[in-house]
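Visitor: I would like to go through this model with you, one question at a time, and hear the reasoning behind each answer.

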Amino acid sequence: MAIAIFILRLVVCALASPMYVLHFLGVWNWFCKRWFPYFMVKFSVIYNEQMASKKRELFSTLQEFAGPSGKLSLLEVGCGTGTNFKFYPPGCRVTCVDPNPNFEKFLIKSVAENRHLQFEQFVVAPGENMHQVADGSVDVVVCTLVLCSVKNQEQILREVYRVLRPRKMSSENQWPAAEDEAQLSRLMRKSRDSPFVPVGIAGFVTVVSYGLYKLKYRRNQKMSIHLIHMRVAAQGFVVGAVTIGVLYSMYKDYIKPRFFSASKK
């Protein structure tokens, strides 16, 4: 086993060696910024196909946040190639922020394809330091697939708070305390969405409890061997539950919708 792991590490290091060499030469960041937009162009097509309905639902209420003039001023942080443009409401004034200047030509193409928008400017800056955007100058801030890759999430959220225009909440937009989702109901909802997670936890606890109960009946078996068997059984149950849950999610999110949509056609 040790030899196999050593060989696997050598293979991984050999495959990753070009990245180490480019990083050592100081050109890895330039290479990524230069070619990443081309990858995003291809990826965004597939991503939009999968997320189109969710994005329409998510962005359907954007116009409600328009200012007194009736025009919506929107700032998109980490705009990429302008994947979200076609989901924004007509007349929306869009300002884009991204640290990679190589996205600009792809943004221009997206703007040409989405004539219903009013493109303001493209700001080359990280989300943690958008000093080119004035305080309280936008109605809405949009960022998708961004917060997982920034260096400082707290700082970017402070910047978002800074550039947002202050807005008073009307009584229609306030939620009564009774509508707040309780912790128990939230847990039950998540359990219904992912039923194999509580099954895996319950199975793990059951196997461990049974193993501890049988500890005094192990006879001549060493305690270390008994504990190893118990751990393997508990972990195996959890891995099995997670695997079944992943397969179930794939069926529910991808296979089932395509099957039923094809049958309806």
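The questions and answers below concern a predicted model.

Visitor: In what order do the elements of the protein chain run from the N terminus on?
Guide: The protein chain holds 7 helices and 4 strands, and buried residues make up 25% of its 265 residues. Read from the N terminus on, the order of the elements is α-α-β-β-α-β-β-α-α-α-α.

Visitor: Which handedness has the β-α-β unit made by strand 2, helix 3 and strand 3?
Guide: Strand 2, residues 93–98, pairs with strand 3, residues 118–124, in the parallel sense over 6 bridges, and within this pairing Cys 96 stands opposite Phe 122 of strand 3. Together with helix 3, which covers residues 104–113, the two strands make a β-α-β unit that is right-handed.

Visitor: How many disulfides does a search of the whole structure find?
Guide: A search of the whole structure gives 0 disulfides. Cys 79 takes part in none, the nearest cysteine sulfur being that of Cys 96 at 4.1 Å, where a disulfide would need the two sulfur atoms within 2.5 Å. Cys 92, which is buried with a relative accessible area of 0%, has its sulfur 9.7 Å from the closest cysteine sulfur, in Cys 96, and this is too far for a bond. The number of disulfides found is therefore, with a cut-off of 2.5 Å between sulfur atoms, the value returned by the search, 0.

Visitor: Which residues do salt bridges that share partners join into one network?
Guide: Arg 162 forms a salt bridge with Asp 135, with the closest N and O atoms 2.4 Å apart; because Arg 162 lies in helix 4 and Asp 135 in the loop between strand 3 and strand 4, the pair ties together parts that are 27 residues apart in sequence. Arg 162 also forms a salt bridge with Glu 159, where the closest N and O atoms are 3.0 Å apart, and these two residues of helix 4 are separated by about one helical turn. The network thus joined by shared partners consists of Asp 135, Glu 159 and Arg 162.

Visitor: Is Asp 139, the partner of Arg 165 in a salt bridge, buried or exposed?
Guide: The closest N and O atoms of Arg 165 and Asp 139 are 2.2 Å apart, and Arg 165, at 31% relative accessibility, counts as partly exposed. Because buried means under 20% relative accessible area, Asp 139, at 11% relative accessibility, counts as buried.

Methods:
Residues are numbered from 1 along each chain as its sequence is written. This is a predicted model: local features need pLDDT of at least 70, side-chain atom pairs count only at pLDDT 80 or more; totals for chains, interfaces and linings use all residues. Side-chain values use heavy atoms; hydrogens and water are left out. Buried means under 20% relative accessible area, exposed over 50%, partly exposed in between (1.4 Å probe, protein chains only). Two strands pair if DSSP finds at least two bridges between them. A crossover is right-handed if, with the strands pointing away from the viewer, the path from the first strand over the helix to the second runs clockwise. A salt bridge is a side-chain nitrogen of Lys or Arg within 4 Å of a carboxyl oxygen of Asp or Glu.
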